[in-house]
Structure formats: C-alpha cells, structure tokens
Amino acid sequence: MKLLTHNMLTSHVKGVTKGYPLLIKATEVKVNEVEFNPQFVSRMIPKLEWSALVQAAEEDLPGELVADYETNEEFLKKVHRILLEVEVLEGCLQCPESGREFPISRGIPNMLLNEDEA
Amino acid sequence: GPLIFGAAQMIELLPSSSPSTEIGTTSGDIITVTIGATVPTGFEHTAAEEIKEKIGVDARISKDRGRVFFPITTDKLFQVHLLRSVDNLFVVVEEYHHYQFKESKEETLMELQQLASTLPWTNALEVWKQNGTLKKKKGHRRGGNTAKSKPNCEGVGGSMASTEQQELPQENSAPEGWAGDTQAMETSTQDSDETGHGSKLIKFRVTCNRAGDKHSFSSNEAARDFGGAVQEFFQWKADMTKFDIEVLLNIHNEEVVIGIALTEESLHRRNISHFGPTTLRSTLCYGMLRLCKPQASDIILDPMCGTGAIPLEGAIEFNHSFYVAGDNNDMAVNRTVNNICHIQKRRADKGSMSGLPIDTVQWDLCSLPIRTSSVDIIITDMPFGKRMGSRKKNWDLYPSCLREMARVCRPGSGKAVLLTQDKKCFSKAISRMGGLWRKQHTVWVNVGGLHAGVYLLKRTGSYWRCFNKCK
C-alpha cells in the first residue's frame with residue numbers, strides 16, 4: 001500500500017462518522033524506485049488531504065504547504081518519494097473512531113467488513 | 001482448413017492495387033509497404049489515432065470491421081511493435097477492393113490458384129524477413145508449454161511489444177518422420193526459425209477468413225486451393241502448426257486482401273501472466289483507457305478489477321496517472337498483485353525503474369472505503385450475466401455500484417468508462433440515478449463473442465447527497 005492510496009482510504013464501519021484518516025501500523029515496509037514526474041506531484045498535492053499525509057509520513061513534511069511548491073524540485077522529490085515509493089507490505093490500518101483494524105498483507109489492505117459492521 | 005495440393009496455371013491478372021506498394025530492388029533498400037492490423041471491433045478509430053501519434057501516418061479503416069491499414073517504410077518497421085491497440089499485424093501482399101468472382105465455384109477456385117503465382121510477393125516477403133530479424137534481436141522465443149506462460153524478453157524502452165503468452169501453438173503429435181519426442185520437435189522448430197530465410201525448407205500455412213453471402217465457395221476450399229498453388233510456386237512445405245510463414249487470405253464480400261502475418265500470437269495478452277476466468281485482452285484495455293484520456297495526476301479506480309488487466313495497462317501506457325485496483329475476491333486481488341509484480345520484475349531485470357503507479361485493495365464495491373469526490377476516473381469491466389454473475393444479480397448490483405461510483409467520483413470533471421454486456425440493465429440504472437451521470441459516448445465492441453458496450457460517462461456537477469445507504 002502506497003501512502004497516496006492511504007490518503008484516500010477511510011473507515012466505513014457502520015455508525016462511524018470520523019473514520020479518516022486511518023492510523024498506519026506497519027510491520028514491514030519497502031521502498032521501490034518509481035520514475036519522478038514533477039508535474040504529477042505538483043498537480044497531485046492539491047488533491048490530497050495534506051495533514052493526513054504529514055501524519056502518515058512520519059517525516060519532516062511541513063505542516064503547511066510552502067508557497068511556490070510547484071517549482072521547488074527538492075520538495076517535490078521528497079513528496080514523490082513519500083507518495084509513491086514507500087510501500088507498506090504488512091501491518092494494518094486502524095479506524096480512528098471504532099478501533100477496528102483492517103489487515104494489510106502483501107501490500108493489499110483488506111477493507112471488507114463483517115456482516116454486523118456494514 | 002486442411003490443405004490439399006492442386007496444380008497452378010499461369011495467367012496474368014491485373015489488381016486494383018494500393019499505390020503505396022513500390023518495387024524494391026535489393027534487400028537493404030528502404031521500401032514502402034502497407035501494413036494491416038486487426039483491432040478490437042469498435043476501437044478502429046482509437047487504433048488510427050495511436051498510429052497517427054506513434055508512426056505519424058494516416059490509417060485507413062476497412063469496411064471489414066476490426067481492421068485498419070497504414071503505410072510504413074521498412075526502416076521504421078520496429079515502430080509497429082510499439083502499438084498497444086492492435087491484436088495482430090500483417091504485411092499486405094495485394095488488395096482488391098472490387099474483386100469480381102466468377103460464376104461457378106470451380107472457376108472461382110481455379111482463378112484463386114492462378115492468382116498465387118502472379119502476386120507481388122517480393123516486398124512483403126522482404127518485410128517478413130526483416131520482421132523476423134527484429135524479433136530475434138529482442139530475444140523472442142517460440143514454443144514452450146501451454147500450462148504456464150513464460151515471460152518473453154521485452155525490448156528496452158518498450159520498442160518491442162512482446163507477448164505474454166497463454167495461448168501458445170499446440171504441441172501436436174509429431175509430423176511424419178519424427179519419433180514424437182518433444183525435445184526433437186523443439187529443436188526442429190528452432191532450426192526452421194533460424195534458417196527459414198532461404199537456406200532450409202520454409203514451412204507455411206494459409207489461413208482464410210471469408211465473410212459475405214454471395215460467395216460460391218467456403219473458406220476451407222479457398223485456403224486449400226490457394227495454398228496448393230502457393231506451395232507449387234514457392235516449393236515451400238505446408239505445415240499447419242510449425243510454420244515459418246503464415247499467408248493470410250481475407251475475403252470480405254468484394255474485398256480480397258492477401259497478406260503475410262507479422263505476429264505469431266496475438267499481442268492481446270501481453271501484460272498478464274496470471275489469468276482469471278474473464279481476463280480482458282490488453283488491446284481492449286488500452287482502447288478503453290484512451291477513451292477516457294487520462295491526464296497527469298488523474299486518480300483512476302477500477303473497483304472490480306479481476307486480475308487487474310485494465311489498471312495495469314494504464315500504469316504502463318498512461319503512467320502519469322495513478323491507479324487503484326480493487327476487488328472483493330481473494331483470488332482476484334492476489335492475481336492482480338502477481339501480475340503487477342511480474343511486470344515490475346521484468347522491468348527490474350532490464351535495469352529500468354521497476355515501480356509502477358498502481359496499488360491494490362480488497363473491498364466491497366457497493367461500499368467503497370474511499371473519500372467522497374476523490375477519484376477522477378472510474379474504469380472497469382462490469383460483470384456480464386453470461387460470463388460471470390447472473391442477470392438477476394445485475395439488476396440489484398448495477399444501481400448500487402453506479403451510485404457508489406458516483407459518490408467517489410469528482411463532480412463536474414469526473415468520468416467513467418464502463419464495459420458491460422447487460423446494456424438494458426445498465427441504461428435503466430443510469431436513468432434512475434437522479435442526474436449523477438450523463439452518457440457521453442458509447443463504443444460497441446465484441447468481447448469473447450458477446451456484443452457489449454463501452455460507455456463513456458461524465459459525472460455531472462451534482463454533489464453527492466446520501467440517499468439510501470446501500471448495503
């Protein structure tokens with residue numbers, strides 16, 4: 001699971017209103033080289049929930065976006081790495097409200113709910 | 001069909017030939033030929049677009065659906081293997097647009113036999129030869145078992161679209177003179193491959209496709225008589241399975257095209273090594289992706305991805321977007337990951353950056369664990385009643401998933417490209433959606449013999465309001 005995907009995932013357990021962002025509990029992480037495309041990164045940033053990314057990244061990403069980030073290549077490369085190159089292979093995602101854990105195995109988060117949770 | 005060999009007579013016939021065929025002198029000279037390509041029916045215009053984009057020439061769409069033609073010079077031949085929208089390629093020997101068939105079957109077949117010795121074979125054979133060299137350079141291998149597909153080497157930078165084969169030529173019982181030993185058969189194939197350009201006996205076969213109600217003959221008869229004459233003329237050996245040259249005889253009403261195949265197996269299975277029951281061919285995936293015109297940073301979801309054929313083709317060919325492949329089925333998500341890993345390993349082995357902009361999630365598509373309005377494009381192959389699921393299930397499923405897809409899709413700018421055979425159910429479900437989707441364009445295609453529609457939908461500007469929470 002890449003952090004870009006994590007940025008979109010929410011908990012949809014019945015009754016939960018604050019199911020985002022999911023807490024990441026990783027037991028195995030991998031870094032994979034992905035071709036850097038600055039336009040991809042700069043156009044993706046406005047689509048993200050930035051605070052959720054900062055929280056997930058555990059790196060020093062600024063809490064607020066810097067001005068003119070579109071032309072700051074060093075910054076874009078950092079964001080690129082966090083969004084696309086870091087992968088959670090094993091672990092789980094935890095719903096912040098209900099505590100329900102969704103397992104991640106082989107990089108695949110299993111978001112299926114049980115009968116009673118749907 | 002099986003070939004029975006007849007004698008050939010020499011008679012001149014004047015073809016209404018395509019002007020682009022010129023007579024080359026020696027091999028090594030650059031000549032212009034016409035290439036024919038078979039494409040998924042309905043996506044002829046897509047293929048023409050791609051040909052214009054990658055080869056820079058205007059393609060002609062044949063009346064015979066599923067076929068396009070374009071000129072190319074032999075120095076640019078490798079470019080044809082960059083095309084992602086074509087299933088099979090052949091070089092045209094001759095084209096007749098208004099072939100006047102004789103009244104009787106006997107006369108017609110006789111004429112076909114006579115044709116064989118008069119056709120301008122030279123250029124086409126030269127192209128076939130050069131194409132064979134191209135394949136060899138890139139380490140293309142033939143043969144192998146059909147149970148598990150072995151990855152073929154792919155050229156660097158995508159210059160050779162080699163096939164991920166599942167449908168390999170059947171290892172039939174050994175031809176006369178062989179003991180039926182597999183090892184020996186494979187060796188003999190390689191021999192004829194490497195030396196099949198004149199020094200050893202060339203093996204060939206004729207494949208005839210015939211369509212139209214006014215013909216007095218069958219495709220088998222045409223293949224048989226034409227093939228016999230070809231064999232007489234070239235002194236090649238006929239072999240149905242281990243052939244070096246495949247001669248194509250395509251007859252569609254009054255249109256007759258004779259060609260030589262440039263692709264052995266269809267290119268349509270190129271990305272997939274782990275198949276599922278309904279894996280879509282890559283050429284169809286490519287056509288669907290082109291339809292939605294993925295932009296840089298578009299987030300593209302396939303909420304019922306099966307083995308991941310569509311998002312994987314996207315991650316390779318339209319790699320400035322990001323793909324999330326999802327399915328509720330264990331096997332499906334695992335196969336998707338296997339297919340992705342397979343491609344990544346192939347890339348890593350060539351020294352390229354292996355990472356692809358794609359992720360896989362296991363989810364229920366009627367209750368997507370995705371933020372509202374966060375997706376730009378939804379692209380998927382919806383379950384057909386006949387191939388998977390059932391018609392009755394679709395009546396419930398379609399409205400639920402179309403609603404959920406509308407929720408996650410960005411209002412105003414979002415799009416969906418959905419393939420389905422259940423057109424009635426689909427149209428009804430759309431019309432009851434309270435104006436969340438608008439049909440923009442439909443492409444009629446053929447999937448595994450079934451007539452299906454690829455619907456391009458626009459997500460209207462209406463914001464999502466939670467109507468009935470679907471289960």
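Accessible areas here come from the Shrake-Rupley method with a 1.4 Å probe, and for residues only the protein chains shown count as cover. On that basis I read off about 20100 Å² exposed by chain B, of which carbon and sulfur atoms supply 51%.

I note that this is a predicted model: local features need pLDDT of at least 70, side-chain atom pairs count only at pLDDT 80 or more, and totals for chains, interfaces and linings use all residues. Residues are numbered from 1 along each chain as its sequence is written, chains are lettered from A and ligands numbered from 1 in the order in which they are written, and side-chain values use heavy atoms, without hydrogens and water.

**Chain B overall.** I looked up the secondary structure of chain B and found 10 helices and 15 strands (DSSP runs numbered from the N terminus: helices are H or I with at least four residues, strands E with at least two). Of its 471 residues, 56% count as buried (under 20% relative accessible area; exposed is over 50%, partly exposed in between, with a 1.4 Å probe and protein chains only). For contacts (heavy atoms within 4.5 Å) with a separation of 6 or more in chain B, I find that 76% come from residues 24 or more positions apart.

**Aromatic pairs.** I then looked up the ring pairs and found 14 over all chains. The rings are those of Phe, Tyr and Trp (its six-membered ring), paired if their centres lie within 6.5 Å; planes under 30 degrees apart count as stacked, over 60 as edge-to-face and the rest as tilted. One of the pairs is A:Trp50 with A:Phe75, which is tilted because the planes stand at 45°, with the centres 6.0 Å apart. This pair links distant parts of the chain, 25 residues apart: A:Trp50 lies in helix 3 (residues 50-57) of chain A and A:Phe75 in helix 4 (residues 73-85) of chain A. I record A:Trp50 as buried at 10% relative accessible area, and A:Phe75 as buried at 8%.

In chain B, I looked up B:Phe233 and B:Phe234, an edge-to-face pair at 4.9 Å centre to centre and 75° between the planes. B:Phe233 is partly exposed at 37% relative accessibility, and B:Phe234 is partly exposed at 22%. Ring pairs join both residues with B:Trp121, B:Phe204 and B:Trp236 in a cluster.

**Helix 10 of chain B.** I listed the buried residues of this helix (residues 423-431): B:Cys425, B:Phe426, B:Ala429 and B:Ile430. They lie on the same side of helix 10 because they cover an arc of only 130° around the axis (taken from the directions from the helix axis to the C-beta atoms). On the other side of helix 10, I find B:Lys424 and B:Ser431 exposed.
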